[in-house]
Amino acid sequence: HNLFFQFLAEWGISGSALFLAMIGYGFFVGARKRLCSGTGKISVTALAALGIILSLGLHSLVDGIFYHGQPSMHLAIAFAIWMSVEQETA
């Protein structure tokens, strides 16, 4: 029940590599937007999204959670929030 083994068993090598590349790309693009923006501020919403991404990622290393719909939907929403550009308010 590991994220990598689950994806390898279900999608094969190419599908697993593609999905894990998408997850890595989304995480690092969001991190670059949030941490290297120069404002020094991260919103509570973005921190909550990061918390969801990290907790689901760590949990998936010891349990096969992504064959259920709810964790997958939470991960998708968290990545959408994490990668979105926020408007600065005055």
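**Helix H1, its kink and its surroundings**

Helix H1 (residues 3–35) spans only 27 Å between its end C-alpha atoms, whereas a straight helix of 33 residues would span 48 Å at 1.5 Å a residue. The model is predicted. H1 contains a kink of about 120 degrees, centred on Gly12. The points below cover the packing of this helix, the residue that caps it and a pocket that it helps to line.

**Packing of H1**
- The buried residues of H1 are Leu3, Gln6, Phe7, Ser16, Gly26, Val29, Gly30, Ala31 and Arg34.
- These buried residues pack against two helices, H2 (44–60) and H3 (69–83).

**Asn2 and the N-terminal end of H1**
- Asn2 is found in the segment before H1.
- Asn2 caps the N-terminal end of H1, with a side-chain oxygen 2.9 Å from the backbone nitrogen of Phe4.
- The side chain of Asn2 also reaches the backbone oxygen of Leu61, at 3.5 Å.
- Leaving aside residues up to four places away in sequence, Asn2 touches Ser60 and Leu61.
- Asn2 has a relative accessible area of 18%; because buried means under 20%, Asn2 counts as buried.

**The second largest pocket**
- The second largest pocket holds about 270 Å³ of space.
- Its lining comprises 15 residues, of which Leu3, Ile23, Ile53, Gly57 and Leu58 are the closest to the pocket centre.
- H1, H2 and H3 each supply at least two residues of this lining.
- H1 gives the most to the lining, with six residues.

Key
Residues are numbered from 1 along each chain as its sequence is written. This is a predicted model: local features need pLDDT of at least 70, side-chain atom pairs count only at pLDDT 80 or more; totals for chains, interfaces and linings use all residues. Side-chain values use heavy atoms; hydrogens and water are left out. Helices (H or I, at least four residues) and strands (E, at least two) are DSSP runs, numbered from the N terminus. The expected span of a helix is 1.5 Å times one less than its number of residues. The bend at a residue is the angle between axes fitted to the seven residues ending there and the seven starting there. Buried means under 20% relative accessible area, exposed over 50%, partly exposed in between (1.4 Å probe, protein chains only). Contact means heavy atoms within 4.5 Å. A polar contact is a pair of N or O atoms within 3.5 Å; within protein, one must be able to donate a hydrogen and the other to accept it, and residues adjacent in sequence count only if both atoms are side-chain atoms. On a 1 Å grid over the protein atoms alone, a cavity is a set of points where a 1.4 Å probe fits but cannot get out, and a pocket is an open set with protein on both sides within 12 Å along at least five of seven lines; lining residues have an atom within 4 Å of a point. Grid points are joined across faces, edges and corners, and a volume is the space filled by probe spheres set on the points.
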